[in-house]
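Please open the model in your viewer and keep a selection panel at hand. The stops below each begin with something to select and then say what is there.

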Amino acid sequence: MFCRNCGKEIDGSLEECSFCKEPIIKIKIKNYLLESILAAIFCNIIFGLIALNYSIKVKHLTAAGEIKEAIKASKIANRWLVTSAIAFFIGIFLIIYLVSYGA
Ligand SMILES: [Zn+2]
């Protein structure tokens with residue numbers, strides 16, 4: 001990762017920057033990796049894979065210290081997870097509807 005003060009590459013496991021002594025703020029950003037994989041398998045493969053794509057982006061951006069971009073990608077991953085869940089329930093509803101009333 002990179003120091004947000006001096007921009008030099010630093011060891012992310014340190015408490016402060018080894019160059020300028022700026023404290024390193026560690027923010028845990030949810031990457032939804034597991035949820036995305038589960039969504040791709042059980043809910044909707046396409047939306048799940050889109051979410052997975054953003055989950056991986058969150059991981060890379062967090063590691064690179066791009067916190068703002070990582071948070072943005074995390075929110076998008078979450079949105080696609082919700083979309084895949086909605087698609088899943090609409091699918092279930094349609095199946096129940098068709099089975100109950102016949103098509
Ligand atoms: Zn620094």
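Begin by selecting Ala-51, Tyr-54, Val-58, Ala-73, Ala-77, Trp-80 and Leu-81, which touch the most other members among the 15 residues of the largest nonpolar core. A nonpolar core here is a set of buried Ala, Val, Leu, Ile, Met, Phe, Trp, Tyr and Cys residues joined through C-beta atoms within 7 Å, and a residue is called buried if 20 or more other C-beta atoms lie within 10 Å of its own, exposed if 12 or fewer, and partly exposed in between, with the C-beta atoms placed from the backbone. The elements that give two or more residues to this core are α1, α2 and α3, and the largest share, seven residues, comes from α2.

What you are viewing is a predicted model, in which local features need pLDDT of at least 70 and side-chain atom pairs count only at pLDDT 80 or more, whereas totals for chains, interfaces and linings use all residues. Residues are numbered from 1 along each chain as its sequence is written.

Next, keep Trp-80 selected and add Phe-47, Ile-50, Ala-51 and Tyr-54, with which Trp-80 is in contact once its neighbours within four places in sequence are left aside; a contact means that the C-beta atoms of two residues, placed from the backbone, lie within 7 Å.

Now zoom out to the whole chain and colour by secondary structure, which comes to three helices and zero strands, in the order α-α-α from the N terminus on. Helices (H or I, at least four residues) and strands (E, at least two) are DSSP runs, numbered from the N terminus. Along the principal axes, the C-alpha atoms fill a box of roughly 70 × 15 × 15 Å. The chain has a radius of gyration of 20 Å, where a compact globule of 103 residues would have one near 13 Å; this radius is taken over C-alpha atoms, and the globule rule is 2.2 Å times the number of residues to the power 0.38. Buried residues make up 24% of the 103 residues, and of the contacts with a separation of 6 or more, 44% join residues 24 or more positions apart.

Select helix α1, residues 33-43, and highlight Glu-35, Ser-36, Ala-39 and Cys-43, which are buried. Looking down the axis of α1, you will find that these buried residues fall within an arc of 100 degrees, so they line one face of the helix; the arc is that of the directions from the helix axis to the C-beta atoms. Adding α2 (45-63) and α3 (67-101) shows part of what covers the buried residues of α1, while the face turned away from that buried side carries the exposed residues Leu-34 and Ile-41.

Then move to the segment before α1 and select Tyr-32, which has a positive phi of about 55 degrees although it is not a glycine. Is Tyr-32 buried or exposed? Tyr-32 is buried, with 23 other C-beta atoms within 10 Å.

In the segment before α1 you can also select Lys-21, another non-glycine residue with a positive phi, here about 65 degrees; Lys-21 is exposed, with 11 other C-beta atoms within 10 Å.

Finish at Glu-16, found in the segment before α1 and partly exposed, with 13 other C-beta atoms within 10 Å. Not counting residues up to four places away in sequence, Glu-16 touches Lys-21, Glu-22, Pro-23 and Ile-24. A distance label from Glu-16 to Cys-3, C-alpha to C-alpha, should read 8.8 Å, for a pair 13 residues apart in sequence.
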